[in-house]
Amino acid sequence: MNILTISGSPHVHHQESVKKIMWSVVIAMIPMLITSVLFFGWDALRVIAISVAACLLVEWLIQKYLMKMPPTINDGSALITGMLLAFNVPSGLDWWIVVIGAVIAIGVAKMSFGGLGKNPFNPALVGRVFLLVSFPQQMTTWPDVAPLLNITDAITGPTPLNQLSAGIPMSISSLLAGSHGGSLGEVSAIAILLGGLFMLWRKVITWHIPVAFIATSFVFVFAVCAISPDVFKVQLESGVMLNALSMAGVHLLLGGLLLGAIFMATDMVTSPMSCWGQILFGVGCGALTVLIRLWGAYPEGVSFAILIMNAFVPLINKGFKPKKFGVKTVKI
């Protein structure tokens with residue numbers, strides 16, 4: 001008796017494949033990789049290499065010896081998880097902490113649910129949040145930027161979010177270019193935007209989640225600054241204090257907001273399928289990010305916001321189901 005086996009949806013024939021999409025994302029992250037090495041030296045390359053190698057090894061071991069299935073590490077998904085995990089940690093992080101993050105990201109957040117396409121939460125963010133909760137001191141020790149071959153001159157310095165909380169003047173040019181402390185992938189807004197434009201061009205992502213995420217954060221910060229100007233006080237190195245509109249714009253460049261909006265929240269597996277669902281998802285991410293930054297215990301709220309909204313994705317998909325083909329809607 002022949003048994004017909006049907007694979008999971010969607011059943012659409014297209015020239016794109018999972019492997020092509022994943023490698024397009026890898027190419028989009030190259031600008032961030034280059035800028036992280038330029039600004040943090042070889043330590044950045046060390047963290048990225050360890051994270052990627054650990055993610056690939058953990059996935060291979062689990063698939064081969066626990067799940068008893070052919071390893072699929074060549075599809076690029078574990079590579080992306082390793083790179084994104086590295087982009088969300090400081091360049092001076094100890095190697096064994098990076099390995100623990102990779103084990104949690106791949107072993108717990110991805111493979112325990114069945115592998116690629118079955119995980120409800122973004123694996124890299126799960127690994128990052130686990131490390132932040134377990135090793136708060138190491139995860140919040142930020143080496144300052146240093147020339148590529150002169151990393152011995154690097155010192156521990158504040159991130160722009162820490163500068164904002166402490167009232168330390170900041171430079172717009174450093175926020176755009178990346179010459180300031182922070183996680184590897186969040187420092188250069190220009191590099192992140194270049195990668196985002198490439199993914200939009202390749203149609204790997206759509207505009208709905210990034211625009212909704214960024215616009216909601218902008219409007220929320222603008223409203224708070226307009227009502228209570230003392231909440232956010234952004235001072236430039238020139239001594240100029242910015243108004244509410246300018247402060248909202250600068251706030252988008254702080255921390256990992258752009259990295260989260262473009263590379264983390266747009267994960268196909270953990271984000272809604274419909275356009276309106278994606279917009280709602282992005283709005284929720286933006287609102288939660290600002291709420292956590294304002295009133296939470298951590299200065300950064302992007303990772304927590306995206307993971308919280310990941311949990312709502314099944315509900316959002318049910319609420320924004322596409323109209324069935326051939327079904328005529330009745331207007332009330």
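Biologist: What makes the lining of the second largest cavity nonpolar, polar or charged in this predicted model?

Modeller: Its residues divide into nine nonpolar, three polar and one charged. Leucine and isoleucine count as nonpolar, glutamate as charged and glycine as polar, and these kinds appear among the residues closest to the centre of the second largest cavity, which are Glu186, Ile192, Leu253, Gly255 and Leu258 out of the 13 that line it.

Biologist: Which elements give two or more residues to that lining, and which gives the most?

Modeller: Helix H10 (189–201) and H13 give two or more residues to the lining of the second largest cavity, and H13 gives the most, with three residues.

Biologist: Why is this space called a cavity, and how many cavities of 30 Å³ or more does the structure hold?

Modeller: The word applies because a 1.4 Å probe fits there but cannot get out. The structure holds two cavities of 30 Å³ or more, with about 40 Å³ of space in the second largest and about 80 Å³ in the largest.

Biologist: What makes a residue part of the lining of the largest cavity, and which residues lie nearest its centre?

Modeller: A lining residue has an atom within 4 Å of a point of the cavity, and 13 residues line the largest cavity, with Asn88, Glu186, Gly256, Val302 and Ser303 nearest its centre. Helix H6 (123–134), helix H13 (257–264) and helix H15 (302–319) are the elements that give two or more residues to this lining.

Biologist: How do the residues of that lining divide by kind?

Modeller: The lining of the largest cavity has five nonpolar, five polar and three charged residues; Val302 counts as nonpolar and Glu186 as charged, because valine and glutamate are placed in those classes.

Key:
Residues are numbered from 1 along each chain as its sequence is written. This is a predicted model: local features need pLDDT of at least 70, side-chain atom pairs count only at pLDDT 80 or more; totals for chains, interfaces and linings use all residues. Side-chain values use heavy atoms; hydrogens and water are left out. On a 1 Å grid over the protein atoms alone, a cavity is a set of points where a 1.4 Å probe fits but cannot get out, and a pocket is an open set with protein on both sides within 12 Å along at least five of seven lines; lining residues have an atom within 4 Å of a point. Grid points are joined across faces, edges and corners, and a volume is the space filled by probe spheres set on the points. Helices (H or I, at least four residues) and strands (E, at least two) are DSSP runs, numbered from the N terminus.
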